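Here is a small set of exercises to work through with the model open beside you. Try each task before you read its solution.

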Amino acid sequence: MTDLEPVAWPPAPIKTERLVLREPEARDRVAVIELLASPEVSTYLGGPRPRDELEREIAGAPGRRPGLFTVDLDGSMIGQITLTQETGHLPQAAGKAELGYLFLPHAWGRGYAAEACAAALDWFTGVLPGEPVVLATQTANVRSMRLAAKLGFTEVERFEAYGAEQWFGMWSPGSLSN
């Protein structure tokens, strides 16, 4: 069973060719609210959260927790990546690290998600060698399905949940495709 608790957190910032994966900071507040309130971002996640609710909830710095990376481009947040072990989300993911990603619409289509997720998976392999990672997305989310394939996730199953067909995949170290 993968347990992210013993992993030293936060790690040093992870730098890629164009991005930095780092811990959330106070300067990310506006972007986090925009991300969670965006109808485009939340199309396959049950819809946007009300902006006024988010303004109250995120009064200062966005929440920090093990497994949450802010994706930074030129000093500004463009998205978030999570590598967490949640309970209650999906029974198929129980006891496994699950990859999640959300990016602001202006960052879509430029390869940032693939670059950031590959860096996060590489980091994960370094701290927990040999541990698989799972990912779930709606089959209707074509962009997410393409990203999962590009990252090397292989389909385990499809099932109905949250009123839609879901795709569940697994990644193992060394499975990144180009």
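The exercises below go through a helix, salt bridges, aromatic rings and a hairpin.

Before starting, note that this is a predicted model, in which local features need pLDDT of at least 70, side-chain atom pairs count only at pLDDT 80 or more, and totals for chains, interfaces and linings use all residues. Residues are numbered from 1 along each chain as its sequence is written, and side-chain values use heavy atoms, with hydrogens and water left out.

**Exercise 1. Helix 3**

Task: compare the span of helix 3 with the expected one, and list its buried residues.

Solution. Start with the limits: helices (H or I, at least four residues) and strands (E, at least two) are DSSP runs, numbered from the N terminus. Helix 3 covers residues 112–127, which is 16 residues. Next, take the expected span, 1.5 Å times one less than the number of residues. That gives 22 Å, and the 23 Å from first C-alpha to last is close to it. Finally, look for burial (buried is under 20% relative accessible area, exposed over 50%, partly exposed in between, with a 1.4 Å probe and protein chains only). The buried residues are Tyr 112, Ala 114, Glu 115, Ala 116, Cys 117, Ala 119, Ala 120, Leu 121, Trp 123 and Phe 124.

**Exercise 2. Salt bridges**

Task: find how many salt bridges the whole structure has, then examine those of Glu 25, Arg 56 and Glu 155.

Solution. Apply the rule first: a side-chain nitrogen of Lys or Arg must lie within 4 Å of a carboxyl oxygen of Asp or Glu. The search finds 14 salt bridges.

- Glu 25 bonds to Arg 22, with the closest N and O atoms 3.9 Å apart. Glu 25 is partly exposed at 28%, while Arg 22 is buried at 8%. Both belong to a salt-bridge network that also links Arg 27, Asp 28 and Asp 72.
- Arg 56 reaches Asp 52, again with closest N and O atoms 3.9 Å apart. The two are four residues apart in helix 2 (residues 51–57), so about one helical turn separates them. Arg 56 is exposed, at 59%.
- Glu 155 pairs with Arg 158 at 3.1 Å between the closest N and O atoms. Glu 155 is partly exposed at 42%, and Arg 158 is partly exposed at 42%.

**Exercise 3. Aromatic rings**

Task: count the aromatic pairs and trace the cluster that contains Phe 69.

Solution. Rings of Phe, Tyr and Trp (its six-membered ring) pair if their centres lie within 6.5 Å; planes under 30 degrees apart count as stacked, over 60 as edge-to-face and the rest as tilted. By this rule there are three aromatic pairs. In one of them, the centres of Trp 9 and Phe 69 are 5.1 Å apart with planes at 70°, so this pair is edge-to-face. It links distant parts of the chain, 60 residues apart: Trp 9 in the segment before strand 1 (14–15), and Phe 69 in strand 3 (residues 68–73). Trp 9 is partly exposed at 23%, whereas Phe 69 is buried at 1%. Then move on to Phe 69 and Trp 123, whose centres are 5.3 Å apart and planes at 80°, so this pair is edge-to-face. It joins strand 3 to helix 3 across 54 residues. Trp 9, Phe 69 and Trp 123 thus form one aromatic cluster.

**Exercise 4. A hairpin**

Task: describe how strand 7 and strand 8 pair, and inspect the turn.

Solution. Two strands pair if DSSP finds at least two bridges between them. Strand 7 (residues 154–161) and strand 8 (residues 164–171) have seven, in the antiparallel sense. Ala 161 has Ala 164 in strand 8 as its bridge partner. Two residues lie between the strands of this hairpin, and Tyr 162 in the turn has a positive phi of about 55°.
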